[in-house]
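Please open the model in a viewer and keep the selection panel at hand. The stops below are meant to be followed in order, each beginning with something to select.

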Amino acid sequence: MLSRLMQAAKFKKAATVKLARDFYEQRTVQAAQRLLGKYLVRAHPDGIKTGIILETEAYVGPEDQASHASRGRTPRTTVMFGPAGFAYVYVIYGLHHCLNAVTELEGYPAAVLIRAVEPCEGLDLMRARRRKQEIVSLASGPGRLCQAFGIERSLNGVDLCGDTLFVEDRHVSPAAIVATPRTGVDYAGPWKDMPWRFYIGGHPGVSKR
DNA sequence: CAAGAGATCATCT
DNA sequence: GATGATCTCTTGA
């Protein structure tokens, strides 16, 4: 059994190397690509959960009709208009949560949707939350990963440069990055074809479509 | 394995 | 009142 001390030690180590705000201030498409291979970390009273980011999507600016922010600033999208490095978490289809990292400058609405990770630490915690056993099915999709990691609306607006949810500045170099159009945005007119979904090629943990 | 439907409600019109 | 940055289960080949 992993002692509380060991977990604390791991957490402490991870916390010292988390991505800083300036990472999130870069261009969204670039941030989406550079997040691939990095470690998403969720600290929770139950224990720590981590996973390697496998799949992301970029939602870029007020013109992007695929983005929630294209309809202007609303209570929901306020976080997207705020400064970089905060979490935008929303409920979709009344059932599932999706996690985004807000990017670029304050006033310019943009974010990276984290669509899938390869679970590393906290596997049994994730299994319990997901009620699935297979590692590959624990976090291969935006809703699945939020369920596995215990990410819900209470985390909307949390600082990704804080201690509860962050990305470790540690990189597993992806063999190949694939770019495709984003998922489920057929309504987005000319923007639906922008190749702003990125994933690690050939990895089984990438979400199905 | 692919296709289709149902779940279920916050959000905006 | 309509819709959705999804998931799971069922059906049928």
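## The enclosed space

The largest cavity holds about 60 Å³ of space. The model is a predicted one, and a count of cavities of 30 Å³ or more comes to one. To display the walls of the largest cavity, select Tyr24, Leu35, Leu40, Leu99, Asn100, Ala101, Ile114, Leu160, Leu165 and Val167. Two elements, β4 and β6 (165-171), give two or more residues each to this lining. The largest share, three residues, comes from β4. Colouring the lining of the largest cavity by residue class gives nine nonpolar residues, one polar and no charged.

## The largest pocket

Next, turn to the largest pocket, whose volume is about 690 Å³. Its lining comprises 33 residues, and those closest to the centre of the pocket are Tyr90, Ile92, Tyr93, Cys98 and Pro142. Select β2, β3, β4, β5, α5 (123-130) and α6 to see the elements that give two or more residues to the lining of the largest pocket. Which element supplies the largest share of that lining? It is α6, with five residues. By class, the lining of the largest pocket divides into 15 nonpolar, 11 polar and seven charged residues.

## Helix α6

Keep α6 (142-149) selected. This helix is mostly covered, with six of its eight residues buried. The buried residues of α6 are Pro142, Gly143, Leu145, Cys146, Ala148 and Phe149. To see what covers them, add β1 (38-44), β2, β4, β5 and α5, which are included in the covering. Step one residue past the end of the helix: Gly150 follows α6 and has a positive phi, near 70 degrees.

## DNA strand C

Now show DNA strand C and the 22 residues that surround it. The closest of these are His68, Asn100, Arg130, Arg144 and Tyr187. Four elements to highlight are β3 (87-92), β4 (96-102), β5 (110-119) and α6, each of which supplies at least two residues of the surface near DNA strand C. Here α6 gives the largest share, three residues. The residues of this surface divide into 10 nonpolar, eight polar and four charged.

Among the atoms of DNA strand C within 4 Å of the protein, 53% belong to sugar or phosphate and the rest to bases. Three distances are suitable for labelling in the viewer:

- Arg130: a polar side-chain atom lies 2.7 Å from a phosphate oxygen of DNA strand C.
- His96: an N or O atom of the side chain is 3.0 Å from a base oxygen of DNA strand C.
- Ala66: a polar backbone atom is 3.4 Å from a base nitrogen of DNA strand C.

## DNA strand B

Move to DNA strand B and select Thr74, Pro75, Arg76, Tyr93, Gly94, Leu95 and Arg153, the residues that surround it. By class, the surface near DNA strand B consists of three nonpolar, two polar and two charged residues. Of the atoms of DNA strand B within 4 Å of the protein, 65% belong to sugar or phosphate, and the rest to bases. Does the polar atom of Tyr93 to be labelled here belong to the backbone or the side chain? It is a backbone atom, and it is 2.5 Å from a base oxygen of DNA strand B.

Now centre the view on Arg153, which lies in the loop between α6 and β6. Its relative accessible area is 52%; because the cut-off for exposed is over 50%, Arg153 counts as exposed. Outside its sequence neighbourhood of up to four places, Arg153 touches Val89, Val91 and His97. Label the C-alpha atoms of Arg153 and Val89: they are 5.7 Å apart, although the two residues are separated by 64 residues along the chain.

## A buried glutamate

For the last stop, select Glu55 in strand β2 (47-60). Is Glu55 buried or exposed? It is buried, because its relative accessible area of 0% falls under the 20% cut-off. Leaving aside residues up to four places away in sequence, Glu55 touches Leu36, Leu113, Ile114, Arg115, Ala116, Arg197, Phe198, Tyr199, Val206 and Ser207. With Arg197, the side chain of Glu55 also forms a side-chain to side-chain polar contact of 2.8 Å. Ile114, one of the residues touched by Glu55, also lines the largest cavity, which returns the tour to its opening stop.

Notes: Residues are numbered from 1 along each chain as its sequence is written. Chains are lettered from A and ligands numbered from 1 in the order in which they are written. This is a predicted model: local features need pLDDT of at least 70, side-chain atom pairs count only at pLDDT 80 or more; totals for chains, interfaces and linings use all residues. Side-chain values use heavy atoms; hydrogens and water are left out. Buried means under 20% relative accessible area, exposed over 50%, partly exposed in between (1.4 Å probe, protein chains only). A polar contact is a pair of N or O atoms within 3.5 Å; within protein, one must be able to donate a hydrogen and the other to accept it, and residues adjacent in sequence count only if both atoms are side-chain atoms. Contact means heavy atoms within 4.5 Å. A residue is near a molecule or strand if one of its heavy atoms lies within 4 Å of it. Ala, Val, Leu, Ile, Met, Phe, Trp, Tyr, Cys and Pro count as nonpolar, Asp, Glu, Lys and Arg as charged, and the others, Gly among them, as polar. On a 1 Å grid over the protein atoms alone, a cavity is a set of points where a 1.4 Å probe fits but cannot get out, and a pocket is an open set with protein on both sides within 12 Å along at least five of seven lines; lining residues have an atom within 4 Å of a point. Grid points are joined across faces, edges and corners, and a volume is the space filled by probe spheres set on the points.
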